[in-house]
Structures are given as structure tokens and as C-alpha cells.
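Subject: Structure handover

Hello,

Here is the structure for you to look through. Please open it first, then read the notes below.

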Number of protein chains: 2
Amino acid sequence: MGGLVERQIAEAATALHNANKDCAGRCIDMDALVDTMQSTIERKAINVIACYQPVALDLREVIAVLRIANELERIGDLAKNIGKRLGAIGRMRVPRQSLGGIRSMNKLILAQVRDALDSIASRDDTKAVNLWLRDQDVDSLYTSVFRELLTDMMRDPAMITPGVHLVFCAKNMERMADHATNIAEAVYYMVRGETLWQGRPKADETTIFSSKPLDIGAEPAPPEYDPELD
Amino acid sequence: MGGLVERQIAEAATALHNANKDCAGRCIDMDALVDTMQSTIERKAINVIACYQPVALDLREVIAVLRIANELERIGDLAKNIGKRLGAIGRMRVPRQSLGGIRSMNKLILAQVRDALDSIASRDDTKAVNLWLRDQDVDSLYTSVFRELLTDMMRDPAMITPGVHLVFCAKNMERMADHATNIAEAVYYMVRGETLWQGRPKADETTIFSSKPLDIGAEPAPPEYDPELD
């Protein structure tokens, strides 16, 4: 299932960067298989609990498997969404520079998902912690892609529609990385029997809460995007 | 936990519609409690499996509880994100008409989440199926809000930044409804011991896959948004 989801991400990336409809189609089609695998894994895991009544590490493994299959299924969904957005973008011209940023995000995310899968296979909680910490690199990159895309849209109204779809593609990738960190949490829990979710560092600044009041209907703010730290 | 998440959604909605920073703050703050509740529920559910080794309906209930708590936690996250986006929008002028569409979405979503919570309490698989089917109303509304926001952004570049954030808010709401349908699936599984996920009707047309090839660098397409059915 992990391998299939990795391939889905790769197909989504190729679809986006080379405007390749076939890759998009494959990425979308693969999702049904990923979904079926998740439900099969879930059914088997529940059977294991019902028939063998595992405890301690064994039970933790089964619970971790349930969680991991769920996270992988979500990553597959996000990849599928990117494939579908290629269709929505259609023949529109897209901002090339921002695509570069998305390509870098994509590389990072594939590495994160790969490490997550490795950490499951090798029960490696150190690898899990490391990838968990690296999530802020993805968040920073997402923030910069987000800003670039907004600038592109402001510069050229023809970029608004493809730009909004690309913002969603970037956000989907950022979410994939979040799910990879959730897998890391599941692996950590499986190996250590403890949770790992106290205050993961976040660097997605696109939704930073500012202390400015929101004035609906007031004078327009300058169009430049400038999130404020509070 | 369900009641808390309902309150989070309501606070997020008030925050967005009345530009109320206090509501946004409360919505964000509540999320930590929701997260803690989820991990407590999860720990207790795992303990129940380990100590009492439930089977049949009892096991299904525990597994459903694990799933439902996970879905509620995700809904809480999405509400928190809306609260945070209010900060990113800051003092910007926002398109009033699209806010109306978002308000309608919000009402629908609150109803969906409420029905999902009721279906858990009353083990009502019919209510679960009904809300599961109603998800396409949310998707249709999201599609129309999405189009309205794109039009607003094309009409006035000052709307681009708040518009993109509002598109995300709308998408977050659409996702909340998806999680409510996941709760419906968990309830159905708990009551019936069968799954309910064969081909749920979808009406989110913003990512419809079109048969048009994507031409990066080609002539700009007309700025109007026109998703094509394939």
C-alpha cells in the first residue's frame, strides 16, 4: 500500500509538471486500489484483535497498522486531488516559477513519505522523530510557494484560476507531509508505547493569526501579502 | 468532544462573518482540549481492547469510537484553521456576497455534524445514511462559492489575498462535511457490521477532470471558470 501511494505521488507530480493527462489519469485510477487495500487491512486488523486478542506490543502494532493505513489512504486521496486539479486547470497558462517551488515541495514530500515507510519497516523510532521534525521545512516551502502564487495572480488576472488550483495543489502536498508525520507518530507509539505530539514545530505562516481586526467593508488593504507574527 | 467541536464550528463561523477576533481566538484555543480528548479516548479504547478483549458488536463499538474521535479531531483542526485564517485576512476588505455563500455552507455543515453526533448517540444507521447522502448538497454549495470567489478576485485584484483565504475557509468547511460523512460510515459499521463507502455521490465540481490537455506556456485561457464534465 505504501509503495502504491508513493507511485501515486510521483504520478501526480509528473502530471502537474509535464501537464501529462495520462499520469493524472493513472494517479486517479490508482486511488480505488489504495482505498480497497485500506479497507482490507482494516478488516484484517480487526479480525486479529477479535481472534487473537493481542496485548502490549502486539496490540500496539495492530493499532499502529490501523492508523498507518488510514494515513496512507489520506495521502492517496490528496494525490488523487492533485490529479483531478490538472483537469480543472485544463489548457490554462500556469505560472512557471511557482511550479518550480511546487516541484521542490514534491521532492521533499516524496522523501518524507519514503522515510515514513522505511521507519515502519525497520521499526525505527529515531528515523520517525527526524522526519517528524523535518515537517517544518515543508511548511516553510509551502509558505513561500503560497506567496509566490499570490504575487503571480496579482500581476496577471489570467493566473487567478490556475493560481487558485495550484495553491490547492501546494496545500495538498503540505497536507501529505502532515500525514507522513502522523505515520511517524504511529511508528513512535508502536515502538515506544508513548505519544509524540506535544507541540510539533510549525512553519506554515500562511495562516498566522495577526492582532489586526478584520474590517469587513473597510478601505482595501494594500494588495501585497504580508502575514504578521503576533 | 462532539459538543466541543460543534462549539468550535460555531465560533469559527461567527469569527468569519462578524470579523470577531475573540471568537477566532476561542476557536483556536479550544482545539488543544479537543486534541487532548481524542488522545484520552484513544488510550481508553486501547485499554478496553487490551483488558476486556471485546468481540462482535462490542469490538465494533470500540473501533467505531476510535474512528469517530479521530474524525472529530480533524473537524476541530479545520475549524481552528478557519480561525487562524481570520488572522491572515487581517484588515482586508472581503467580498460580502461570497461570505453569504460561506454562511449557508456553515449552516449546512453544523446540521451535518449535529446529525452525525445524534446518529452516534442513538445508534441510528438510517440517520447516518441520510446525512451521508446529503453531503452532495455541501459539495454543490462549495462549487458555487468557489466560482463566486474566483469571479470576485478577477473583478478586483484587492480581493485576491482575502479571496484565496476564503476559498480555503470554504474548502475547510467542505472537508468538515466529509468528516461528518466518515462519522456516518463509522456509525453504520458499528450498527450493521458492514461498510457504506461504495460510490458516495459527489457534487464538488471544482476539480472535475476535463479532457482538455494542459498547455503550459500556451495562450491564456479565458479567465472565466468553466469546469467540464468528461
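Is F168(A) buried or exposed? F168(A) has a relative accessibility of 3%, so it counts as buried. The cut-off for buried is under 20%. Please keep in mind that this is a predicted model.

Aromatic rings

The count of aromatic pairs comes to 5 over all chains. One of them brings together F168(A) and F146(B). Their ring centres are 6.4 Å apart. Their planes meet at 35 degrees, so this pair is tilted. A tilted pair has planes that are neither under 30 degrees apart, which would be stacked, nor over 60, which would be edge-to-face.

Where do F168(A) and F146(B) lie? F168(A) is in helix α6 of chain A, residues 160-192. F146(B) is in helix α5 of chain B, residues 125-155. The pair therefore joins two chains. F146(B) is buried too, because its relative accessibility is 1%.

F146(B) also pairs with Y142(B). Here the ring centres are 6.0 Å apart and the planes are at 50 degrees, so this pair is tilted as well. Both residues sit in helix α5 of chain B. They are 4 residues apart, which is about one turn of the helix. Y142(B) has a relative accessible area of 0%, so it is buried.

Now take the rings together. Ring pairs link Y142(A), F146(A), F168(A), Y142(B), F146(B) and F168(B) into a cluster.

Arginine over a ring

Which residue lies over the face of Y189(A)? It is R67(A), at 4.6 Å from the ring centre. In chain B, R67(B) lies over the face of Y189(B), and the distance to the ring centre is 4.6 Å.

Cysteines

A disulfide is a covalent bond between the sulfur atoms of two cysteines. How many disulfides does the structure hold? There are 0 over all chains. C169(A) shows this: the nearest cysteine sulfur belongs to C27(A) and is 10 Å away. The cut-off for a disulfide is 2.5 Å between the sulfur atoms, so a distance of 10 Å does not qualify. C169(A) is buried, with a relative accessible area of 0%.

C169(B) is in no disulfide either. Its nearest cysteine sulfur is that of C27(B), 10 Å away. C169(B) has 0% relative accessibility, so it counts as buried.

Best wishes

Terms used:
Residues numbered from 1 in each chain as written. Chains lettered and ligands numbered in written order. Predicted model: local features only at pLDDT ≥ 70, side-chain atom pairs only at ≥ 80, totals over all residues. Heavy atoms only, no water. Phe/Tyr/Trp six-rings, centres within 6.5 Å; stacked < 30°, edge-to-face > 60°. Buried < 20%, exposed > 50% of the residue type's maximum accessible area, 1.4 Å probe, protein only. Lys NZ or Arg CZ within 6 Å of the ring centre and 35° of its normal.
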